[in-house]
Amino acid sequence: MSTSAHPSADAIRNAGAVTDRLVTANTRYAADFTDPGMDARPVLHVAVVACMDARLDLHAALGLELGDCHTIRNAGGVVTDDVIRSLTISQRALGTRSVMLVHHTNCGLESLTEDFRHELEDEVGQRPAWAVEAFRDVDQDVRQSMQRVRTSPFLLHTDDVRGFVFDVTTGLLREISPA
């Protein structure tokens, strides 16, 4: 697998087109926007950590409305130092008490290895400071992420930490028992 992303001629011609479309959509959105009068504290006092996969519409899948939760997303939904940072701010400054972890079936991290970092280093001349956090067993990765949350010295509330795997073909959650 190559880490190189050499743009095609079409990609170069269309550079910015998608972002322009999104900015235009925002202009339409803002035309009818009214301040919902909320603050940054989530109504349900929950933070959801999930994969960045475009197939996961978390608010729809979990029945959430604007203002219900904090949503923290990254590749794999893995609990990294930056996720702990966000959860710490979410709990200590903004009042969340529960943590829900959502990984999913057919995750792209299941097909990567730490060799990805070495390929990047070969290509750009510098190894990333971050780990890929690839995995082969999604259930075990959810357990590891739950353990990282539960053992973090920075988090105040680690008694309500639950992990799930979202099935991208059925839309159902499957709860994972902690180790």
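The legends below describe an overview and several close-up views of a predicted protein model.

**View 1. The whole protein, with its 6 helices and 5 strands.** Followed along the sequence, the helices and strands of this predicted model come in the order α-α-β-α-β-α-β-α-α-β-β. The C-alpha trace spans about 50 × 45 × 35 Å along its principal axes, and 34% of the 179 residues count as buried. Among the contacts between residues at least 6 apart in sequence, 65% join residues that are at least 24 apart. The accessible surface comes to about 11,200 Å², and 53% of that surface belongs to carbon and sulfur atoms. The protein carries 17 positive and 26 negative side chains, and the centres of these two sets lie 3 Å apart.

**View 2. Strand E1 and its two pairing partners, E2 and E3.** Strand E1 runs through residues 46-51 and is mostly covered, with 6 of its 6 residues buried. E1 pairs with strand E2, which is made of residues 69-74, in the parallel sense and over 6 bridges; within this pairing, Ala47 stands opposite His70 in E2. E1 also pairs in the parallel sense with strand E3, residues 98-104, over 5 bridges. In that pairing Val48 stands opposite Met100 of E3, while Val49 stands opposite Leu101 of E3.

**View 3. Strand E3, enclosed by the rest of the structure.** Because 7 of the 7 residues of E3 are buried, this strand is largely enclosed by the rest of the structure. Ser98, Met100, Val102 and His104 point one way from E3, whereas Val99, Leu101 and His103 point the other way, and all of these residues are buried. Besides its pairing with E1 over 5 bridges, E3 pairs in the parallel sense with strand E4, residues 161-166, over 6 bridges. His104 has Phe166 in E4 as its bridge partner.

**View 4. Cys51 in strand E1 and the residues that it touches.** Cys51 has a relative accessibility of 4%, and therefore counts as buried, the cut-off being under 20%. Leaving out residues up to four places away in sequence, Cys51 touches Leu56, Arg73, Asn74, Ala75, Gly76, Gly77, Val102, His104 and Cys107. Two of the residues in this list, Val102 and His104, also appear in View 3, where they point one way from E3 together with Ser98 and Met100. Gly171 lies 120 residues away from Cys51 in sequence, and the C-alpha atoms of the two are 14 Å apart in space.

**View 5. Ser90 in helix H4 and its surroundings.** Helix H4 covers residues 81-92, and Ser90 has its place there. With a relative accessible area of 2%, Ser90 is buried. The side chains of Ser90 and Thr96 are joined by a polar contact of 2.7 Å. When residues up to four places away in sequence are not counted, Ser90 touches Ala47, His70, Gly95 and Thr96. Ala47 and His70 are also the residues that stand opposite each other in the pairing of E1 with E2, so that the helix residue Ser90 touches both members of this facing pair.

**View 6. Asp141 in helix H6, a buried residue.** Helix H6 is formed by residues 138-150, and Asp141 lies within it. Asp141 counts as buried because its relative accessibility is 6%. Once its neighbours within four places in sequence are set aside, Asp141 is in contact with Val78, His103 and Phe135. Of these contacts, His103 belongs to E3, where it points to the side shared with Val99 and Leu101. Asp141 and Val79 are 62 residues apart in sequence, yet their C-alpha atoms are 9.4 Å apart in space.

**View 7. Leu66 in the loop between helix H3 and strand E2.** Helix H3, residues 58-62, comes on one side of this loop and E2 on the other, with Leu66 placed between them. Leu66 counts as exposed because its relative accessibility is 59%, whereas Ser90 of View 5 is buried at 2%. Without counting residues up to four places away in sequence, Leu66 touches Pro36, Met38 and His59. The first residue named there, Pro36, is 30 residues away from Leu66 in sequence, with a C-alpha to C-alpha separation of 9.1 Å in space.

Conventions:
Residues are numbered from 1 along each chain as its sequence is written. This is a predicted model: local features need pLDDT of at least 70, side-chain atom pairs count only at pLDDT 80 or more; totals for chains, interfaces and linings use all residues. Side-chain values use heavy atoms; hydrogens and water are left out. Helices (H or I, at least four residues) and strands (E, at least two) are DSSP runs, numbered from the N terminus. Buried means under 20% relative accessible area, exposed over 50%, partly exposed in between (1.4 Å probe, protein chains only). Contact means heavy atoms within 4.5 Å. Accessible areas come from the Shrake-Rupley method with a 1.4 Å probe; for residues, only the protein chains shown count as cover. Lys and Arg count as positive and Asp and Glu as negative; His and the chain ends are not counted. The place of a charge is taken as NZ of Lys, CZ of Arg, CG of Asp or CD of Glu. A polar contact is a pair of N or O atoms within 3.5 Å; within protein, one must be able to donate a hydrogen and the other to accept it, and residues adjacent in sequence count only if both atoms are side-chain atoms.
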